[in-house]
Amino acid sequence: MKRHTTKKLLAGLLSTVLLGTSIPFAAVTAEDTATGNVIYSTDFESGDILFTGRDGIGTLSLSTAQAYSGSSSLYMTDRTKGWHGPQLLLDDICEPNKEYTVSAYAMTAWYNTIKLSIEYTDAAGERHYDNLSSGVSNGNWAEFSNIKFSFTDDVTNVYIYFECNDGADMYIDDFTLAEAPVIPIQEDIASLKDVYSGYFKIGTAIMASNLASPSFMDLVEKHFNESITFGNELKPDYVLDQAASQEKGNDVNPQVNFAQADALLKYCAEHKIPVRGHTLVWHSQTPDWFFKEGFSDDGAWVDKDTMLQRMENYIKNVMEGLATQYPDVEFYAWDVVNEAWTDNGTPREAGSSKSEDSNSSAWVRIFGDNSFIEPAFEYARKYAPAGCKLYYNDFNEYMPSKTTAIYDMAMDLKEKGLIDGIGMQSHLDVGFPTASAYRKALDKFASTGLDVQITELDITTSDTSETGLQNQAQLYSDIFDVYVDYADSISAVVIWGVTDDQSWRASRVPLLFDENFQAKPAFYSVIDDVEPKVTTTTTTGTTTTTTETTTTTTTDPDIILGDVDLDGIVRLNDLILLQKYLIRKETLNAEQGKAADMNQDDQINVVDIILWERLAIFTQNWDA
Ligand code: XIL
């Protein structure tokens, strides 16, 4: 059965107002995105210097040797390491859970990449450093313009700081902190999760810092609240507690805390959003000390037996800790093992997360091969909450040798009853792979009979022009067509982020919404032409049958043709709803779809609008 017609991108459709009826489209103007309320600003012309050297290192002064505006700037000398730089403590300037922007100019005399970053200390006392933006200076001013940041209320010692290569002197000028302007989301566009309701869940990945942006979270609620993955906060790097492990881990029992995941866990509990746990066993974002004697950075690598005990205890502590401390969070899925196979279908090289080759694996170093995968699933099965599904997750899963390696491993684990599904990360680019190459891999995974989840979908494009974004939209559309064809095997499609600026691949704008929370062509391309699918449950005696159907063209006696809002009267509101549906600003459910399909040809298009008008003229029913 064809459930989905191939989507075509209709360039400019949004601006085309059908039949002259004008439906206002709220575009974001330059004013909306301009700097909000300024809360701290300095041009370093005179007065006290609130900036300090990081960790007390370096000398700061006002200098007239360089100035972006006026006649002086902040000058930092006596740096010897890359991380030495000027910092500003924000605890008394900014509030938690609010979105801000920082703007500044920075300069070095010779070629240098200057980084603007934020530091904070979490509830467990650990310091964290996140890069916000980078600029290049070669004797000229690098501009940092309205860079967004925020922090949650469970962190302290929040600093904004600059850093660059070892030793270089640095100038900073015209530094401004402002409240980020609140740009509302488009309430009147279709909801992605509703469009795909009946096919698969729609979810996304968010980070703790996103919680402070009301519009960002509005997008999560509207489009993606069927599954949440934490971008980083449940990875071993974030969960493992070295001090506690050394203190009471007896060398085999790694201790964990959820300080960094806490705000996200509370959000998911409060909003009742099911969580995909990500991830337990991974070569990356896992500290080397986890694999070393005494849980110490400079200990010797432990043996396989010790590592098996550590693995079991780690999985146990994570699962039990979450279940007891966050009983209201539903973990419906866990990525048990992440990225264990190379594109050639072989295990990774033995290595460490600190080595130059970030592709190498400390797990392989200890086990000699990929034999750590099976025990990881055994322990996950033993300690995961009831009903929680267990996945193997990987990227480049469409590289043929990798597809085969994952398939073989999955079949083996399936026979042993240890695995429930395969996670296709799906970090794609407009240039690679094609939708048909991708389909092949999905087909192979679906043939295992296991569940498939699309766990980290994003599609990068280096061409950010209108044409580039249209090409990106086309691949998004083609890939979603593939998902619809395999909907019976796919339980969730998770996009790896919400707005481009917050993506891990921000410069190649891979997501469905832009930095102003507005839907991109890619968004419209994936909601276009999806036939509503309804799930009906009939109970006869003791038997319950669940049937999934797409809308059919059969005339339903209960439906009045043209009564699109199903209120029993055909009137102007119905025409407006129909028009909004066609410009993708509203969704229609299955029954509304039948009522809107005036010529019953199984498609809703401009012809239905013309027919609706004829009907209205004929019946003289123009009342609002
Ligand atoms: C990424 C995060 O999005 C980044 O913030 C972080 O710096 C690196 O990791 N495959 C995965 C994800 O399984 O965990 C990775 O997430 C992206 C690739």
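**Figure 1. The shell of residues around the ligand.** The shell around the ligand is made up of three nonpolar, seven polar and three charged residues. The model shown here and in the other views is predicted. In total, 13 residues surround the ligand. The closest of these are Lys235, His278, Asn338, Glu456 and Trp496.

**Figure 2. Polar atoms facing the ligand.** In the side chain of Lys235, an N or O atom is found 2.7 Å from an oxygen atom of the ligand. Trp496 also places a polar side-chain atom 3.0 Å from a ligand oxygen atom. For Gln425, the distance between an N or O atom of the side chain and a nitrogen atom of the ligand is 3.2 Å. On its own, the ligand has 420 Å² of accessible area, of which the protein covers 78%.

**Figure 3. An open sheet of five strands.** The strands of this open sheet follow the order E2-E5-E10-E7-E8, and their pairing is antiparallel. Strand E2 (52-53) and strand E8 (127-137) stand at the edges; each has a single partner strand, so one side of each is left without a neighbour in the sheet.

**Figure 4. The pairing of strands E5 and E10.** Strand E5, residues 86-89, and strand E10, residues 156-163, run antiparallel and are joined by three bridges. Leu88 has Ile160 in E10 as its bridge partner.

**Figure 5. Surroundings of Ser426.** The loop that holds Ser426 connects strand E17 (421-424) and strand E18 (427-429). Is this residue buried or exposed? Ser426 is buried, because its relative accessible area is 0%, and the limit for a buried residue is under 20%. A polar contact of 2.6 Å links the side chain of Ser426 to the side chain of Tyr438. Neighbours within four places in sequence aside, the residues in contact with Ser426 are Glu397, Tyr438, Ile454, Glu456, Leu457, Asp458 and Tyr483. Tyr438 is thus named both in the polar contact and in the list of contacts. Glu456, a contact of Ser426, is also one of the closest residues to the ligand.

**Figure 6. Surroundings of Gln255.** Gln255 is located in the loop between helix H5 (242-248) and helix H6 (262-270). With a relative accessible area of 16%, Gln255 is buried, because the limit is under 20%. When its neighbours within four places in sequence are left aside, Gln255 is in contact with Val239, Leu240, Asp241, Ala244, Ser245, Lys248, Gly249 and Asn317.

**Figure 7. The loop position of Gln600.** Helix H15 (590-596) and helix H16 (606-619) are the elements on either side of the loop in which Gln600 is found. The relative accessible area of Gln600 is 22%, so this residue is partly exposed; the range for that class lies between the buried limit of under 20% and the exposed limit of over 50%. In sequence, Gln600 and Leu561 are 39 residues apart, while in space their C-alpha atoms are 9.3 Å apart.

**Figure 8. The whole protein as context for the close-up views.** The protein contains 16 helices and 22 strands. Of its 624 residues, 54% are buried. Among contacts with a separation of 6 or more, 75% are between residues 24 or more positions apart. The area that the protein exposes is about 26300 Å², with 48% of it supplied by carbon and sulfur atoms.

How values were computed
Residues numbered from 1 in each chain as written. Predicted model: local features only at pLDDT ≥ 70, side-chain atom pairs only at ≥ 80, totals over all residues. Heavy atoms only, no water. Near = heavy atom within 4 Å. Polar contact = N/O pair within 3.5 Å; in protein donor to acceptor, adjacent residues only side chain to side chain. Areas by Shrake-Rupley, 256 points an atom, 1.4 Å probe, with all protein chains shown as cover. Nonpolar A, V, L, I, M, F, W, Y, C, P; charged D, E, K, R; others polar. Pairing = 2+ DSSP bridges. Helix = DSSP H or I, 4+ residues; strand = E, 2+ residues; numbered from the N terminus. Buried < 20%, exposed > 50% of the residue type's maximum accessible area, 1.4 Å probe, protein only. Contact = heavy atoms within 4.5 Å.
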